[in-house]
Amino acid sequence: MAMYVQYKSSSGYAIFEVHGLDEIGQNTEAVRTSVSDLSRFGRVVQLTAFPPFESALDALNQINAVSEGVMTDELRSLLELNLPKVKEGKKPKFSLGLAEPKLGSHIFEATKIPCQSNEFVLELLRGVRQHFDRFIKDLKIPFWVSRYIAGGVGVSFPTEQLFRSLVVTLLIPLIIGKVWFM
């Protein structure tokens, strides 16, 4: 069965395809050891889609919705465009890994995309968060800022802490200069 994971960052949503599960199995400990080595982890997880947010306000609205377990129209269109289609009456041959189970149930109700949130998925997302700046090669911002963005908002925060984190991570690139996408 194919597996995808959805990752949110302060700069946009990302969909990663998880392949080569036979190499590490669905063993959480094996994932933990493969996460630290980018060359090994990069063979297991591959970036499928990364649409950046349009503005700081859009990023704030998107991340707030996700933290409350609500699927936005932008997230829905991203999932429908980049995941295999779910056929009526047939069992899907893939699943979507998420950090937030509440969001997963909302996605399943609206789109019938099967979602899972467990320790295995959380370890995969931890690896994605750790190496996020290396997966996104077209994001041209200073290295230390990209590490801060990749590690800052990739986990679920209470709304006030999330707001402070987003303001800081999105204002730094604006102060330094515009963020360029190619």
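Which residues are buried in helix H5 (residues 73-82)? They are Leu75, Leu78 and Leu79. These three leucines cover an arc of only 95° around the axis, which puts them on the same side of H5. The general rule behind such a pattern is that an α-helix has 3.6 residues a turn, so residues three or four places apart point the same way. The face of H5 turned away from its buried side carries Asp73 and Leu81, and both of these residues are exposed.

This is a predicted model, and every value in this report is computed from it.

**The chain as a whole**

The chain has 182 residues, of which 46% are buried. It contains nine helices and seven strands. Among contacts between residues at least 6 apart in sequence, 69% join residues at least 24 apart.

**What lies over the buried side of H5**

Both strands and helices take part in covering the buried residues of H5. The strands include E1 (2-8), E2 (13-18), E3 (45-49) and E4 (94-97). The helices include H4 (56-67) and H6 (101-111).

Helix H4 contains Gln62. Is Gln62 buried or exposed? Gln62 has a relative accessible area of 3%, and buried means under 20%, so Gln62 counts as buried. Leaving aside residues up to four places away in sequence, Gln62 touches Tyr13, Phe53, Thr72 and Glu74.

**The sheet**

Five strands form an open sheet in the order E3-E2-E1-E4-E5, and the pairing is mixed. The edge strands are E3 and E5 (115-116), each of which pairs on one side only. In general, strands of a sheet pair through backbone hydrogen bonds, either parallel or antiparallel. The table lists three of the strand pairs.

| Strand pair | Sense | Bridges |
|---|---|---|
| E1 and E2 | antiparallel | six bridges |
| E1 and E4 | parallel | four bridges |
| E2 and E3 | antiparallel | four bridges |

Particular residues can be matched across these pairs. Met3 has Val18 in E2 as its bridge partner. Tyr4 stands opposite Leu96 in E4, and Phe16 stands opposite Leu47 in E3.

How many residues lie between E1 and E2 in their hairpin? There are four residues between these two strands. E1 has E2 and E4 as its neighbours in the sheet order. Six of the seven residues of E1 are buried, so this strand is largely enclosed by the rest of the structure.

**The second largest pocket**

Empty space can also be examined in a model. Rolling a probe the size of a water molecule over the atoms shows where such space is left. The second largest pocket has a volume of about 210 Å³. It is lined by 15 residues, and the closest to its centre are Val86, Lys87, Thr111, Lys112 and Ile113.

Which helices each supply at least two residues of this lining? H5 and H6 do. H5 therefore appears in two settings: its buried residues are covered by elements including H6, and H5 also helps to line the second largest pocket. By class, the lining of this pocket has seven nonpolar, two polar and six charged residues.

Terms used: Residues are numbered from 1 along each chain as its sequence is written. This is a predicted model: local features need pLDDT of at least 70, side-chain atom pairs count only at pLDDT 80 or more; totals for chains, interfaces and linings use all residues. Side-chain values use heavy atoms; hydrogens and water are left out. Buried means under 20% relative accessible area, exposed over 50%, partly exposed in between (1.4 Å probe, protein chains only). The arc is that of the directions from the helix axis to the C-beta atoms. Contact means heavy atoms within 4.5 Å. On a 1 Å grid over the protein atoms alone, a cavity is a set of points where a 1.4 Å probe fits but cannot get out, and a pocket is an open set with protein on both sides within 12 Å along at least five of seven lines; lining residues have an atom within 4 Å of a point. Grid points are joined across faces, edges and corners, and a volume is the space filled by probe spheres set on the points. Ala, Val, Leu, Ile, Met, Phe, Trp, Tyr, Cys and Pro count as nonpolar, Asp, Glu, Lys and Arg as charged, and the others, Gly among them, as polar. Two strands pair if DSSP finds at least two bridges between them.
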